[in-house]
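Please open the structure in a viewer and keep the sequence panel visible. The tour below proceeds by selection, with a short account of what is found at each stop.

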Amino acid sequence: MLDRRTKLGLQAIALLTAIVGIINLLSAVLPSLPTRIDWLRDLYPFEIRAGGHFFAALTGFGLLNLANNLLRRKRLAWLLATILLGISILSHLIKGLDLEESLLSMLLLGQLWWMRRVFTAQSDRPSIMQGIRVMLGALIFTLAYGSLGFFLLDRHYSTQFSLPAALTQTLALFLTEDNAGLQATTRFGAYFADSIYLMGGVTLTYALWMLLRPVIFRDAATEDERRKATEIIERYGHSSLARLALLPDKSYYFSPSGQTAIAYVPKGRGAIALGDPIGPMGDRQEAIWGFQQFCDRNDWQPAFYQTLPDDLEIYRSLGFKALKIGEEAVVNLKTFTLEGKAGKHLRTAVNKFTKQGYRVEYYAPPIADSLLQELQGISEQWLASMQGSEKKFSLGWFDYNYLRESDVAVVHNKAGNPVAFANTIPEYQIPEATLDLMRHQANIEQGTMDFLFISMLQHFQARGYESFNLGLAALSGVGKTGEATRLEKGMHYLYAHLSQFYNFQGLRAYKDKFHPEWESRYLVYPELAALPNIVVALVRADSDDRLGDYFGTQFLSNTFANGFKKFSKILPIVISLMLFGLSLLAIGQELEKSKPQEILNSLQGISVPGLFFALALTVVNYILLTGYDVLATRYVGESLPYRKVALVSVISYALSNSIGFALLSGSAIRYRFYSAWGFSAGKIAQIITFCNISFWIGLFAVGGITFSVEPLKIPKQIRLPFDSIHPVGYIFLLTIAGYLIWSAKGRRSLRIKQWVLPHLPLPLSLGQIAVTSCDWILAAAVLYVLLLPANSLLFWRFFSVYVLAQLAGILSNVPGGLGVFETVLILLLSPPIATEKLLEALLVYRIIYYFLPLFLGTILFALYELKRHKRRS
């Protein structure tokens, strides 16, 4: 622990660092004394002196960011501060012999050097919250730099600025093309205006890096640390938290002997260990003491979450306090039975679902990716219904790597579709299974989860397990005994009176139906004053820094939740009406774009054979489009009559091609049809993913070949960083080559955060490329024949232009690429094709390829909904 003198010294350093940062900012926007400038003018030019002003301001930004970290004794902050102060001293001397500012920086540098041994703490783990704070700081600092500069230096401009006007002028530099008419009258004025851009660029780039760090550097522990922790935990683990200690959000502390591991997550001022130390009993006290000292060196307040009652005396002997936080429900499988009066309700649930054709299947690791993709759809529905997102730290989360190595139980309905699942984790040294994730579809038969849990209890009972852990019931049993502290009694009051926000008592009552034994769990913390920091750190660790899940939708009232459930029942009708309305709107917009006389004139300019071939090619193309869904249903292992597959495919592409936002509109239509035909949410998600990825695979295949071969120049208006289309072609071809190699050699789907690229066998991948490539070629051929005989281009030359124009239209997300598609074609094809002829052909092309399918698709969709409504009636 730090003594009072050291704490005062740290507070003085942090305060002085912030003061030096502010002084550097003010000094940077003020010109130096004229007499001192005269001494320096002959030594080095204006540009170097101006650079001194800029670096003085930049070091001010850095010091303001480091002040709080110096208070927390961060070693890296100390090193950066000493470097910045060295630059600060030089900057003040160079910009105008500003000895006063230099002496203040030297004073702070000396104090930092004097207390250098105090700065032992390692840096906090990167977090989004940290990045957001730096981003806000960068914005405020840049605005302050510009506003103060314009206000204090207005004699260097043609306009005098008040402070509000100076702020407006700073914003105008970034938001207007002419800088709001700003005119500098001196060289220093021109330099300062330019330096604001540079200051904003540097500070915001640093802030962006701070925001991206949590995504780039996600591993909390090194491979060696994780390997060592795994060996210890598998050898000594004996609690429901042992497997969770190996999840990737954990860092590890090892006792001085190296025999004990403590899995922890540092957040802010707290370092929260998950459960008790794991290792030999004789090493327990030394491990706790070592972790305490380790946290002290890093300016963290240590805590142990969900500890067993066994070691409370050891914690108390080392100065810790213990707070009961709830009880774990552990079912004794030696005595568990469905017989007798106690098991009556459990028997009823089993009999009911067995008669309805439900069954529970058990999957041992490794779990196949195809099953995980189906379970992911269930998980996402469950998360949406709970109005929240994944929790971490003391729970597992839906992660392919984690679930792939878990035992998973899945409830299948009478149609064979999965509707709910749960996974269990081992406790290594004791014959007990622990329930972790338990999720179900939004609308399932009441009692489905009871059926699942009873089946799991029977399953593990048959396998020789002695107990089954149903997990923690928060606040259960807290504050009931006479020995309870005032804090625990206060928590008991919350337990009794907060049911409108979170049903603590309902969770206890639900688990009680399985007749468990209740075991106390504790939060161990150093002192009462540290508890707020501990709680904040725990919430951050549990939510993975998504605090909105706790203080936003997590505590929505039951009234709102019930209202949402009622709304969800009419959601399919809303989706149908919305899609039908969008279709009618798109038809109306198409009709408004062109007057009847314009359409007739354009049709007269097209040859009759050209019109006939364009219509025929469009029909062939839409028949080919059904291949997307044919391959997708084959991929998910489902069999449907071709007429059904053709119906959903034609309607989906007819509407999405004109409505735009294909990922949203096409997905909604597929969900509407396939869910009505009994497909599970997971399989529908796989079909949607397959179709959307197939579209891009086809683009990359045909675009890669044509862009690599054709010497096509990119119009300057598209504003790409290169003139020729060749680099895009090479990138596309490399992507397709990598995709095919992965299809041939890989075995698992590729997962990037929440995005999953499904793995397809090589024959299916080749079929996918063939269908989608022909789709692109036929779509281009429709426009090509409409341009004959005015079109003197070879088809492949025209095709490369067409693909580039479509790519620009897709990326714009304008419905049908309207305007963007035409602009690129005119820029690249006119000449040799006359603009008038090109516009005539484009108008007819939109009628044939977009409007007619849209009209037909809307009618088919309306007829389908009417027929479905009659069947229901």
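Begin by selecting strand β2, residues 261-267, which in this predicted model is mostly covered, with 7 of its 7 residues buried. Show the side chains of the strand. Ala 261, Ala 263, Val 265 and Lys 267 point one way from β2, while Ile 262, Tyr 264 and Pro 266 point the other way. Residues of both sets are buried. In a regular strand the side chains alternate between the two faces of the sheet.

Next, add strand β1, residues 251-254. β1 and β2 run antiparallel and are joined by 4 bridges. To see how the two strands are aligned, select Tyr 253, which stands opposite Ile 262 in β2. Then follow the chain through the hairpin of β1 and β2, where 6 residues lie between the strands; Gly 258 there takes a positive phi near 80°.

Now extend the selection to strand β3, residues 270-274. This strand is antiparallel to β2 and is joined to β2 by 4 bridges. Select Tyr 264 once more: its bridge partner in β3 is Ala 273. β2 and β3 also form a hairpin, with 2 residues between them. In that turn, select Gly 268, which has a positive phi of about 60°.

Move on to the cysteines. How many disulfides does the structure hold? The number is 0. Two cysteines merit a selection of their own. Cys 295 has a relative accessible area of 0% and is therefore buried. Cys 691 has 2% relative accessibility, so this residue also counts as buried, the cut-off being under 20%.

For the next stop, select helix α2, residues 34-41, together with helix α4, residues 75-96. Their axes come within 7 Å and cross at roughly 90°. Because angles of 65 to 115 degrees count as roughly perpendicular, α2 is roughly perpendicular to α4. Display the side chains at the crossing: Arg 36, Ile 37 and Leu 40 in α2 meet Leu 93, Ile 94, Lys 95 and Gly 96 in α4. By class, this contact has 4 nonpolar, 1 polar and 2 charged residues.

Finally, clear the selection and view the whole chain. The chain has 31 helices and 13 strands. Of its 873 residues, 51% are buried. Among contacts in the chain with a separation of 6 or more, 74% are accounted for by residues 24 or more positions apart.

Key:
Residues numbered from 1 in each chain as written. Predicted model: local features only at pLDDT ≥ 70, side-chain atom pairs only at ≥ 80, totals over all residues. Heavy atoms only, no water. Buried < 20%, exposed > 50% of the residue type's maximum accessible area, 1.4 Å probe, protein only. Pairing = 2+ DSSP bridges. Disulfide = S-S within 2.5 Å. Axes fitted to C-alpha atoms, helices over the stretch in contact; angles between N-to-C directions. Parallel < 35°, antiparallel > 145°, perpendicular 65-115°, else oblique. Contact = heavy atoms within 4.5 Å. Nonpolar A, V, L, I, M, F, W, Y, C, P; charged D, E, K, R; others polar.
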